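Here's a quick rundown of how the ligand sits in this protein, plus a word on the cysteines. Have a look at the model first, then read on.

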Amino acid sequence: MAVEVITDSPMFIDGRSVLSTSGRWLEVHSPATGELVGRVPDGTEADVDLAVAAARAAFKDGRWHRMAMPERVAIMNRLGDLLDRDADELARLETLQTGTSYKLRRDSDFAFASDNLRFFATQIRNLEGKAAYEYSGSHTSFIRREPIGVVGQVSPWNYPMWMAIWKIGPALAAGNSIVLKPASATPLTTIRLAELALEAGLPVGVLNVVTGRGDVVGAAIAAHMDVDLISLTGDTATGKTIQALAAGNLKRVHLELGGKAPFIVCADADVEAAARGATAGALVNGGQDCTAATRAYVHRSVYDAFVARTAELFDSVRVGDPFDPTTDLGTLISQAQVARADGFVQRAVADGARVAAGGYRPDVPGHPDGAFYRPTLIVDCTQDSEIVQNEVFGPVLAVLPFDTIEEAFENANDTIYGLAASIWTSDVRVAMEAARTLNFGHVQVNDHLMVTSEMPHGGFKQSGTGKDMSTYSFEEYTQVKHVMLELTGEAEKGWHYTVFGEKPSE
Ligand code: NAD
């Protein structure tokens, strides 16, 4: 399919398309063909200042958080409708800039993104807190749940639009103003998102998008003294940098970081279901997914059967032109990402592991410069090897045998990450023990990858702090205010003497 060339896409500040104060542009290339598919402004600290000022002004006059509730809900729902209306075009743009298959973008990301937004629209109407009461005996106390103010958000390249929705959904529902920075490799759909938000009726200045480099624009947002919360979805190392930058004004920090999900296959598991689950779980989005299955711990009694069937399924995956409807797997985000994944595989082999499927860059006709990598199953890995400990972020599943479930739990927990895990078993007691023992923010039984708008997604340990989706995420974009109303009307209170004067006589 011929690549459609996109024109320059200015960024979006205060309801207007603007260029950067730098006057420079960043190029966006298709990882499938290497061709130029768009340009966005190479943003600066000064651009961030303008966007923060616009967001602050919008917050200050309350044009969004003081708007009548039915109107706010309608605007968020309308944005969901516009995403559905434009899903084909947006999915094409997403495929163009990420190289991943169109069918994944169209039928997964976009179907789910509009549902996420509609879910958060319902949250506006369901504010929660402690019941109002006279807890002190002489005051009525009640809780206000309020927006935080200006929220900075930095999103990754793996699911550019979808992760942006996970960020803006709860932040908008809570009434905040936003300065959002997309990843520099994949900014095109996020700019469209800001335009659609305006079309949906979101007041100007409430959602601003600044494009540019992470260490310039992202860092400026994280460090900005007039930003009240910073939220990142990205690498764990970036999370540490952002947390340090946020210290200047002690802004709140919300981090959705890397993962290294274990996938435990017990002796009594349905091996066919597990092999299929592993194939989908490891290869989704080319493995460039923070919850992707990356380490399969397989009971020795079903090890050979699991490896044989999973290798067969990996080999059946069709790698090719991301726009071809028969393609399962397009490219990775870049040639550098392919080299990174291949480096992990080659070093594991040098260390004694064995490649059971893939492990090489395939030739894809008509795409000599495409960043393709075959789905790779690498077996007989060891627990302390880098391929088992570190995030590869490619279509690579490492497999290790285990003998006892305690050993499987121990090894599954033996990582700095704690985002997602799954266990495959027909024994409900083992499943419940896994739910209790696995130290991850999301544990699944007999499935991997599933998420839902109503339930939280977020990591333990170095996978981050805070949650995406669900009421938990919404509440993280709010602050709780305690209001107390004095009821007696007395000038001299019984406790005043502890600060000044004599104790009143009984
Ligand atoms: P990344 O950390 O390189 O980039 C993420 C964003 O941070 C980008 O917009 C980037 O420009 C910006 N950035 C980079 N350096 C920065 C700095 N010094 N200061 C401020 N901002 C900076 O991550 P990535 O490679 O785009 O995304 C992949 C990572 O994201 C993986 O580690 C993956 O596991 C993680 N991820 C996590 C989740 C989750 O929900 N936990 C979801 C998706 C992706």
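Helix 7 is the top contributor to the shell around the ligand, supplying 4 residues. Keep in mind that this is a predicted model. In total, 29 residues surround the ligand.

**Who lines the ligand**
- Ser155, Trp157, Thr238, Leu257 and Glu391 are the closest of the surrounding residues.
- By character, the shell splits into 13 nonpolar, 11 polar and 5 charged residues.

**Polar contacts and burial**
- Serine 155 uses a backbone N or O atom, which sits 2.7 Å from an oxygen atom of the ligand.
- Glycine 214 also brings a polar backbone atom, 3.3 Å from a nitrogen atom of the ligand.
- With histidine 457 it's the side chain: a polar atom there lies 2.9 Å from an oxygen atom of the ligand.
- On its own the ligand would expose 850 Å², and the protein buries 88% of that.
- Helix 7 (214-223), strand 9 (229-233) and helix 8 (236-245) are the elements that each give two or more residues to the shell.

**Cysteines**
- A disulfide is a covalent bond between the sulfur atoms of two cysteines.
- Searching the whole structure turns up 0 disulfides.
- Why is cysteine 381 not bonded to another cysteine? Its closest cysteine sulfur, in cysteine 266, is 19 Å from its own, so that's too far for a bond.
- Cysteine 381 is also buried, at 7% relative accessibility.
- Cysteine 290 counts as buried too, with a relative accessible area of 17%, because the cut-off is under 20%.

Key: Residues are numbered from 1 along each chain as its sequence is written. This is a predicted model: local features need pLDDT of at least 70, side-chain atom pairs count only at pLDDT 80 or more; totals for chains, interfaces and linings use all residues. Side-chain values use heavy atoms; hydrogens and water are left out. A residue is near a molecule or strand if one of its heavy atoms lies within 4 Å of it. A polar contact is a pair of N or O atoms within 3.5 Å; within protein, one must be able to donate a hydrogen and the other to accept it, and residues adjacent in sequence count only if both atoms are side-chain atoms. Accessible areas come from the Shrake-Rupley method with a 1.4 Å probe; for residues, only the protein chains shown count as cover. Ala, Val, Leu, Ile, Met, Phe, Trp, Tyr, Cys and Pro count as nonpolar, Asp, Glu, Lys and Arg as charged, and the others, Gly among them, as polar. A disulfide is a pair of cysteine sulfur atoms within 2.5 Å. Buried means under 20% relative accessible area, exposed over 50%, partly exposed in between (1.4 Å probe, protein chains only).
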